[in-house]
Amino acid sequence: MMNPKMLRQMQERLAKTQEKLAEETVEVSIAGGAITIVMTGQQKLVSVKLAPEVVDPNDVEMLEDLIVAAINDAQDKAQELASKRLSAITGGLKIPGM
């Protein structure tokens, strides 16, 4: 069990890391750059960029599928980033909500 001082230090480091994750971003590009998603380390969507050639009014379903795939990829990347940053502090401990 950790002593209160060590626990407080870990909480402070976790809070600072969470703040940094809000500023760090990951970028995912799919379909040859047709769709680019930028997301923070806290999984907040920052931007979606669409290449003009991917916008086909006759095939909206394909565009929707590509956007969903790109967002899912960005979320995976953001989770990996957060896990990497937080595990450096927690030493691999599984803390609920992290």
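# Briefing: a three-stranded sheet and its helix

β2 and β3 form a hairpin with 4 residues between them, and Q43 in that turn has a positive phi of about 65 degrees. The model is predicted. The hairpin belongs to an open sheet of 3 strands, in the order β1-β2-β3 with antiparallel pairing. Helix α2 packs on this sheet. One salt bridge and a nonpolar surface patch complete the picture.

**The sheet**

- The edge strands are β1, residues 25–30, and β3, residues 45–50. Each of these two pairs on one side only.
- From one strand to the next, the twist averages 10 degrees.
- Helix α2 spans residues 60–90 and touches β1, β2 and β3. The direction of α2 makes about 145 degrees with that of β1.
- Strands of a sheet pair through backbone hydrogen bonds, either parallel or antiparallel.

**Pairing of β1 with β2**

- β1 and β2 run antiparallel and are joined by 6 bridges.
- T25 stands opposite T40 of β2.
- These two strands also form a hairpin, with 4 residues between them. In its turn, A31 has a positive phi of about 55 degrees.

**Pairing of β2 with β3**

- β2 covers residues 35–40 and pairs with β3 over 5 bridges, in the antiparallel sense.
- I35 has L50 of β3 as its bridge partner.
- T36 has K49 of β3 as its bridge partner.

**Burial in β2**

- β2 is mostly covered, with 6 of its 6 residues buried.
- I35, I37 and M39 point one way from the strand. T36, V38 and T40 point the other way. All of them are buried.
- I35 is thus named twice here: it is buried in β2, and it is the bridge partner of L50.

**The nonpolar patch**

- L45, V48, L50 and V55 form a nonpolar patch on the surface. Together they have about 310 Å² of accessible area.
- L50 lies in strand β3. L50 counts as partly exposed because its relative accessibility is 36%, and partly exposed means between 20% and 50%.

**The salt bridge**

- How many salt bridges are counted? The count comes to 1.
- The side chains of R85 and E24 meet in it, at 2.8 Å from N to O.
- The pair links distant parts of the chain, 61 residues apart. R85 is in helix α2, while E24 is in the loop between α1 (4–23) and β1.
- Side chains of opposite charge can pair when their charged atoms come close.
- R85 counts as partly exposed, because its relative accessibility is 30%. E24 is partly exposed too, with a relative accessible area of 25%.

**The loop before α2**

- Where is N58 placed? N58 sits in the loop between β3 and α2.
- Is N58 buried or exposed? N58 is exposed, because its relative accessible area is 75% and the cut-off for exposed is over 50%.
- N58 and A31 are 27 residues apart in sequence. In space they are 18 Å apart, C-alpha to C-alpha. A31 is the residue with positive phi in the turn between β1 and β2.

How values were computed:
Residues numbered from 1 in each chain as written. Predicted model: local features only at pLDDT ≥ 70, side-chain atom pairs only at ≥ 80, totals over all residues. Heavy atoms only, no water. Pairing = 2+ DSSP bridges. Axes fitted to C-alpha atoms, helices over the stretch in contact; angles between N-to-C directions. Contact = heavy atoms within 4.5 Å. Patch = residues over 30% accessible without salt bridge, like charges linked within 9 Å, V, L, I, M, F, W, Y side chains within 5 Å. Areas by Shrake-Rupley, 256 points an atom, 1.4 Å probe, with all protein chains shown as cover. Salt bridge = Lys/Arg side-chain N within 4 Å of Asp/Glu carboxyl O. Buried < 20%, exposed > 50% of the residue type's maximum accessible area, 1.4 Å probe, protein only.
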